[in-house]
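User: I am new to this structure. Please take a close look at one pocket and the salt bridges around it.

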Amino acid sequence: MRFTVVSSVLSLALLSACGNDAAPIAAPATAGAPAAAAPGGSRFELATEPVGAIDVLAAKAKGEAKDVVVVGRLKDTVPGFAAFTLTDVSLKFCGEEGGDEGCPTPWDYCCIGKDKVAAATIAVAARVKGEVIEAKVTELRNMDLVVVRGQLVKSKDGTMRLDADGWFRKARPVVPATIVFPP
């Protein structure tokens with residue numbers, strides 16, 4: 001049942017493109033730990049950046065694979081779970097180029113068509129025995145550039161997902177002061 005709920009939430013997150021109020025999530029202990037955790041973050045936060053990252057579009061095209069590293073921008077989170085969506089870095093969010101373009105929610109790519117955003121987005125979740133881990137992830141927020149280590153898996157619905165064993169926040173975007181991220 002929990003898997004169905006999380007899968008549904010991730011699917012909705014992938015399809016939504018504007019006006020999302022999802023708050024960033026935060027993460028501690030449950031079963032299955034990644035390698036070295038960085039001080040002050042969740043147990044999934046890696047102390048060093050994994051090498052050999054490919055972007056989201058390349059990862060989706062690659063198909064199922066073990067031991068992959070994917071880089072993208074955090075788009076949405078699943079409250080209460082170690083799960084989020086990553087969007088390809090080729091998509092520019094509204095405030096990325098120095099202006100907010102009058103958009104109150106640039107972290108949801110509302111200036112770009114929903115189909116284009118969905119095609120460039122992949123669901124990410126830390127899992128143990130196929131189940132998404134209930135946890136919070138405090139070290140990440142919307143639009144962070146994140147490098148995720150894990151494996152690519154084809155979901156039952158035919159879409160690709162990234163089962164993560166750890167992530168590294170590479171960069172936090174610098175945006176105009178008029179942009180206020182969700183708490």
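Analyst: What follows takes the second largest pocket, then the salt bridges.

This is a predicted model. The second largest pocket holds about 150 Å³ of space. Its lining runs through Lys-66, Asp-67, Val-68, Arg-127, Arg-149, Gly-150, Gln-151, Asp-163, Ala-164 and Asp-165. Three strands each give at least two residues to that lining: strand 2 (65–77), strand 6 (145–154) and strand 7 (160–171). By class, six lining residues are charged, two are polar and two are nonpolar.

Now the salt bridges. The structure has six of them. One joins Asp-165 and Arg-149, at 2.6 Å from N to O. Asp-165 sits in strand 7 and Arg-149 in strand 6, so this pair ties together parts 16 residues apart in sequence. Asp-165 is partly exposed, at 33% relative accessibility. Arg-149 is partly exposed too, at 24%. Arg-127, Arg-161 and Asp-163 are joined into one network by salt bridges that share partners.

Strand 7 also takes part in another link. Glu-49 forms a salt bridge with Lys-170, with the closest N and O atoms 3.0 Å apart. Glu-49 lies in the loop between helix 1 and strand 1, and Lys-170 in strand 7, 121 residues away. Glu-49 is partly exposed at 33%, and Lys-170 is partly exposed at 43%.

A further salt bridge pairs Lys-75 with Asp-76, the closest N and O atoms being 2.5 Å apart. Lys-75 is buried, because its relative accessible area is 0%, under the 20% cut-off. Asp-76 is buried as well, at 1%.

Definitions and conventions. Residues are numbered from 1 along each chain as its sequence is written. This is a predicted model: local features need pLDDT of at least 70, side-chain atom pairs count only at pLDDT 80 or more; totals for chains, interfaces and linings use all residues. Side-chain values use heavy atoms; hydrogens and water are left out. On a 1 Å grid over the protein atoms alone, a cavity is a set of points where a 1.4 Å probe fits but cannot get out, and a pocket is an open set with protein on both sides within 12 Å along at least five of seven lines; lining residues have an atom within 4 Å of a point. Grid points are joined across faces, edges and corners, and a volume is the space filled by probe spheres set on the points. Helices (H or I, at least four residues) and strands (E, at least two) are DSSP runs, numbered from the N terminus. Ala, Val, Leu, Ile, Met, Phe, Trp, Tyr, Cys and Pro count as nonpolar, Asp, Glu, Lys and Arg as charged, and the others, Gly among them, as polar. A salt bridge is a side-chain nitrogen of Lys or Arg within 4 Å of a carboxyl oxygen of Asp or Glu. Buried means under 20% relative accessible area, exposed over 50%, partly exposed in between (1.4 Å probe, protein chains only).
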